[in-house]
Amino acid sequence: MKSTTRGTIAAVLTAVAAAAGAAATPAAALGSVPVPVPLGGAESALGMELPKLGGEVPVPMPGTPEGPRYVEGRLIPERVLPQLPVHGGLPGAELRAPLPHILGDGFDHLGVSVPASDLRTMAPGLALDAPLTPPNPHNFGLPDLKAPQLGVLAPVLQTVPGADLVTGAGL
């Protein structure tokens with residue numbers, strides 16, 4: 001293989017990798033928005049160390065609902081009102097605070113970190129069936145009567161939250 005061919009292939013692969021990296025970065029950046037709490041001015045005005053506080057607010061992203069499912073023997077699709085998936089997260093928080101040497105000399109700071117965790121939800125849905133059957137060939141093509149059906153599809157929540165508690169010198 002010529003060096004120009006290898007160079008061209010390397011340039012194409014580099015461009016594809018850069019495009020894939022650029023496409024993945026905004027999606028990861030939209031997961032949560034950091035929210036700092038500025039206490040630096042109060043800390044210098046009071047002449048003492050204040051807690052450092054910050055948080056993360058998730059950005060919910062709606063998903064695509066499943067389409068209607070047609071089932072044999074029903075006049076109306078299986079899910080009249082489909083469940084809408086929403087992906088987001090639980091808010092996170094981070095706190096670093098000074099301790100007045102209660103636990104000894106090596107423990108003068110306390111840190112609590114609750115990272116933003118993924119949250120997957122499904123909105124409630126509705127299932128409905130008409131009180132008629134499909135046309136019956138044994139009844140001259142007329143539908144038969146049956147009991148109407150109505151069902152509510154329960155909402156779904158999936159998450160795994162976590163937290164860290166740390167003590168130490170000068171966190």
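## Two open sheets and an exposed leucine

Among contacts in the protein between residues at least 6 apart in sequence, 64% join residues at least 24 apart. This is a predicted model, so keep that in mind as you look around.

Let's start with the inventory. The protein has two helices and eleven strands, and reading from the N terminus the elements go α-β-α-β-β-β-β-β-β-β-β-β-β. Of its 171 residues, 13% count as buried. The exposed area comes to about 12000 Å², with carbon and sulfur atoms supplying 69% of it.

### The sheets

Now for how the strands are put together. One open sheet is built from five strands, in the order β1-β2-β5-β6-β11, with antiparallel pairing. Its edges are β1 (32–37) and β11 (164–168), each of which pairs on one side only. On average, neighbouring strands in this sheet are turned by 10° against each other, ignoring direction. Inside the sheet, strand β5 (residues 92–98) pairs with strand β6 (residues 109–114) in the antiparallel sense over six bridges. If you want a landmark there, look for proline 98, which stands opposite histidine 109 in β6.

A second open sheet has four strands in the order β3-β4-β7-β10, and the pairing is antiparallel here too. At its edges stand β3 (61–62) and β10 (156–159); each has a single partner strand, so one side of each is left without a neighbour in the sheet. Strand β3 is joined by two bridges to strand β4 (residues 85–90), and the two run antiparallel. Methionine 61 has histidine 87 in β4 as its bridge partner. As a general reminder, strands of a sheet pair through backbone hydrogen bonds, either parallel or antiparallel.

### From β8 to β9

The loop between β8 and β9 has a couple of residues to stop at. Asparagine 136 sits in this loop, which follows β8 (125–129). Is asparagine 136 buried or exposed? It is buried, because its relative accessible area is 18% and the cut-off for buried is under 20%. Leaving aside neighbours within four places in sequence, asparagine 136 is in contact with Gly141, Leu142, Pro143 and Asp144.

Phenylalanine 140 lies in that loop between β8 and β9 as well. Its phi is near 60°, a positive value in a residue other than glycine. For context, most residues other than glycine have a negative phi. Phenylalanine 140 counts as exposed, at 80% relative accessibility.

Past the loop comes strand β9 (residues 149–153), where leucine 150 is found. Leucine 150 is exposed, since its relative accessible area is 64% and exposed means over 50%. Which residues make the nonpolar surface patch with Leu150? They are Val80, Leu81 and Leu128, and the patch made by these residues together with Leu150 is about 350 Å².

Here are the accessibility values side by side:

| Residue | Relative accessible area | Class |
|---|---|---|
| Asparagine 136 | 18% | buried |
| Phenylalanine 140 | 80% | exposed |
| Leucine 150 | 64% | exposed |

So, for this stretch of chain, asparagine 136 is buried, whereas phenylalanine 140 and leucine 150 are exposed.

Methods. Residues are numbered from 1 along each chain as its sequence is written. This is a predicted model: local features need pLDDT of at least 70, side-chain atom pairs count only at pLDDT 80 or more; totals for chains, interfaces and linings use all residues. Side-chain values use heavy atoms; hydrogens and water are left out. Patches are made of residues with over 30% relative accessible area and no salt bridge: like charges are joined within 9 Å, nonpolar side chains (Val, Leu, Ile, Met, Phe, Trp, Tyr) within 5 Å. Accessible areas come from the Shrake-Rupley method with a 1.4 Å probe; for residues, only the protein chains shown count as cover. A salt bridge is a side-chain nitrogen of Lys or Arg within 4 Å of a carboxyl oxygen of Asp or Glu. Buried means under 20% relative accessible area, exposed over 50%, partly exposed in between (1.4 Å probe, protein chains only). Contact means heavy atoms within 4.5 Å. Two strands pair if DSSP finds at least two bridges between them. Axes are lines fitted to C-alpha atoms, for helices over the stretch in contact, and angles run from 0 to 180 degrees between N-to-C directions.
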